[in-house]
Amino acid sequence: FLHSSEISDSITCYTSGSGKRLCAVAERGEGPTIHVFDLRTFRRKKSVNIPDIQSKEIVSMQFSEDNQLLLVLGGSPDWVLMCWNWSKARLIASSSVSVLGTPLTRCVFSPLDSSLATVIGKDCVKF
C-alpha cells in the first residue's frame, strides 16, 4: 500500500512498470501531478508536475518496456499525449490527440518500439 500522505488530492489513474518495480499515480489538480514510487521500498522516487495542459486530470499512463519513459494522456478539453523522461522530469514530446466529441480512455506504447504510441477511445484508435 502507498501511504495517503504522499497524495493530497484525487487519484485519476495508476500504472505499474514492467517487472512491477515501479508504479505511477496521477493526482487531479490545477496542474496535475504524477508521483512515481519504488514498489520495493514504497517510497516516492519522483514527482512530475504537468503545468501546461488545460485538463485537471490525467486519464491514462504507461511506462515503456525499459521503464525509462512514461506515456501520459491528459483529459478533456485538450487531450494532450505526452512522453516524459520521468526520472529527469523532462518532457520528451507532446501532441494534441483530440478527436471531436470523442472521449479518449487509454494510451499505450508499442511493446516492440517505444517510439510508437497508440491512443484509444470510444470508436477511435489513433497511432
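In which loop is aspartate 78 found? Aspartate 78 is found in the loop between S6 and strand S7 (80-85). The model discussed here is predicted. This briefing considers an open sheet of 4 strands, the surroundings of aspartate 78, and several residues with notable backbone geometry, including proline 77.

**The sheet**

- Strands of a sheet pair through backbone hydrogen bonds, in either a parallel or an antiparallel manner.
- Here, 4 strands form an open sheet in the order S5-S6-S7-S8, and their pairing is antiparallel.
- Strand S5 (58-63) and strand S8 (90-96) are the edge strands, since each of them pairs on one side only.
- From one strand to the next, the twist averages 15 degrees.
- The antiparallel pairing of S5 with strand S6 (residues 69-74) extends over 5 bridges.
- Within S6, glycine 74 is the residue that stands opposite isoleucine 58.

**The loop between S6 and S7**

- Aspartate 78 is buried, yet it has no salt bridge.
- The nearest side chain of opposite charge belongs to arginine 28, which is 12 Å away from aspartate 78; a salt bridge would require the charged atoms to be within 4 Å.
- A polar atom of the aspartate 78 side chain lies 3.4 Å from the backbone nitrogen of serine 55.
- When neighbours within four places in sequence are left aside, the residues in contact with aspartate 78 are Ile53, Gln54, Ser55, Ser96 and Ser98.
- Proline 77 also lies in the loop between S6 and S7.
- The peptide bond that leads from serine 76 to proline 77 is cis, and its omega is near 10 degrees.

**Residues with positive phi**

- Most residues other than glycine have a negative phi, and most peptide bonds are trans.
- Phenylalanine 42 has a positive phi, near 60 degrees, although it is not glycine.
- Phenylalanine 42 is located in the loop between strand S3 (33-38) and strand S4 (43-49).
- Phenylalanine 42 counts as partly exposed because its relative accessibility is 39%, and the partly exposed class lies between the limits of 20% and 50%.
- Asparagine 67 likewise has a positive phi, near 65 degrees, and is a residue other than glycine.
- The loop between S5 and S6 contains asparagine 67.
- Asparagine 67 has a relative accessible area of 8% and is therefore buried, as the limit for that class is under 20%.

Note on methods. Residues numbered from 1 in each chain as written. Predicted model: local features only at pLDDT ≥ 70, side-chain atom pairs only at ≥ 80, totals over all residues. Heavy atoms only, no water. Pairing = 2+ DSSP bridges. Helix = DSSP H or I, 4+ residues; strand = E, 2+ residues; numbered from the N terminus. Axes fitted to C-alpha atoms, helices over the stretch in contact; angles between N-to-C directions. Buried < 20%, exposed > 50% of the residue type's maximum accessible area, 1.4 Å probe, protein only. Lys, Arg positive; Asp, Glu negative; His and termini not counted. Polar contact = N/O pair within 3.5 Å; in protein donor to acceptor, adjacent residues only side chain to side chain. Contact = heavy atoms within 4.5 Å.
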